[in-house]
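Work through the three exercises below with the sequence and coordinates open. Each task is followed by a solution in steps.

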Amino acid sequence: MDNQTTTGTQTTINIVKNFSKYPAGRFRSDGDYSGTRFRDDILTPALQRFNIVTIEMDGTLGYGSSFLEEAFGGLIRVRGFNAGDLKGRLDIKTSDDNLVYTIRHYIDEAQSSSNLIGVAKSSERVPI
Amino acid sequence: MIADGTLLFYAEVDKLARRDKIARSGRGKMFRCSYPKDPVVEQVLQQVGIFGTLGKTERADINHDLVKHWRWATGVRVQGDKIEMMQEVYQGKMASEVMTRHLNVGIEEAMLNCANHAYHYPRFAKGNKIIVTESDPRWWMFTQEKDKQLSVAFCDLGIGIPTSLRQADTDDGDPGDGWKSPIIKEFLTAIGFLESDARLIQAAFELGRSKTYQSNRGKGLGDIKRVVKESGEGKLSIYSGKGYYRYEPLNDREIVENYHDSVPGTLILWTIPIRGEEIDG
């Protein structure tokens, strides 16, 4: 796997070169290049080290909903990132505008669900 | 020979041959077959791998126009390299590169459904649920180009979509009527989709669009439909259990029908017109 390109506080991940031409599935058990693997092994470490993470997404066979939701929505649900912070730090590069919209949608959706769970848990703790 | 029926035939033969190979450890063979009289049929059976599976000598020269554009693959889990191999049949012939990627993703999601749902057989011992998985959770796939149409057929030999829905467990308790999730049952009852296998296939798309449970899940079926929906032409057909579902994007029409006999598992067929030249979209 080729090294990512880094410049000061910014790094670039090219999915084809740094991960796979065949990203697919949610979990590691689904296949070799799952959303979980991309999120936990590549994307999260990059976000922890660099302020801006550019992701070059063109050149793969395509992106399924399962991969995208787990890789990006999972940053909120599983890794505890905040949607507002992520959208300021993730720079998605692709010729497919719909892909950018979809990723942002999954991030927002995960944040909404996370907020609801947080509210429910706070409600449970309110003494009668 | 049509792609979907041939695929199901091949999948059953391949499954039996694999089990026979394991059981007999190479000693003797369960199958015997003779060459068909029609040379085109012989080419098809050779090209789609049936002779190879049965240990029959592949003697034909594959040269017929109806045959040489068939491709086949089988595997477990998601295997992108096999999708890429299939893509060689339709690369540059779809309406756009975007549509090619949509079809790739549809196939990928079909592989995922196979890996995650098709072969999970719940067993109950003293009230405790145990999930038993098939030791070889396999899928099979064909692509065929014929009469300016691309046919991509994908199947598994698992429990089928209707049974998978009935057995889905959302940890909300077992209502004790064959349904493992009261939430799913309630949702499907509300939209009137409970009464048949065909309606349950249709319901699976609705369930994925809804946020009935685990709002981050269930998005894959939309990917399976997307290539025909966004291209506005062709069709998507799904056979599972006794149900048949077809989506025709031209009029945004869904057709459901139930049969007397069951399809073992799930069979998906994409039928898409082929373009002469690539138009980038």
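The exercises cover cysteines, one glutamine and the make-up of one chain.

This is a predicted model, in which local features need pLDDT of at least 70, side-chain atom pairs count only at pLDDT 80 or more, and totals for chains, interfaces and linings use all residues. Residues are numbered from 1 along each chain as its sequence is written, chains are lettered from A and ligands numbered from 1 in the order in which they are written, and side-chain values use heavy atoms, without hydrogens and water.

**Exercise 1.** Find how many disulfides the whole structure holds.

Step 1. Apply the criterion: a pair of cysteine sulfur atoms within 2.5 Å.
Step 2. The search over all chains returns 0 disulfides.
Step 3. For Cys114(B), the closest cysteine sulfur belongs to Cys155(B) at 8.6 Å, so the two are too far apart for a bond.
Step 4. Cys114(B) is buried at 1% relative accessibility, and Cys155(B) is buried at 0%; buried means under 20% relative accessible area, exposed over 50%, partly exposed in between (1.4 Å probe, protein chains only).

**Exercise 2.** Place Gln87(B) and list what Gln87(B) touches.

Step 1. Gln87(B) lies in helix H4 of chain B, residues 80-90; helices (H or I, at least four residues) and strands (E, at least two) are DSSP runs numbered from the N terminus.
Step 2. With a relative accessible area of 11%, Gln87(B) is buried.
Step 3. Leaving out residues up to four places away in sequence, Gln87(B) touches Leu61(A), Thr100(B) and Asn104(B), where contact means heavy atoms within 4.5 Å.

**Exercise 3.** Describe chain A by its elements and burial.

Step 1. Chain A has 5 helices and 4 strands, in the order β-β-α-α-β-α-α-β-α.
Step 2. Of its 128 residues, 50% count as buried.
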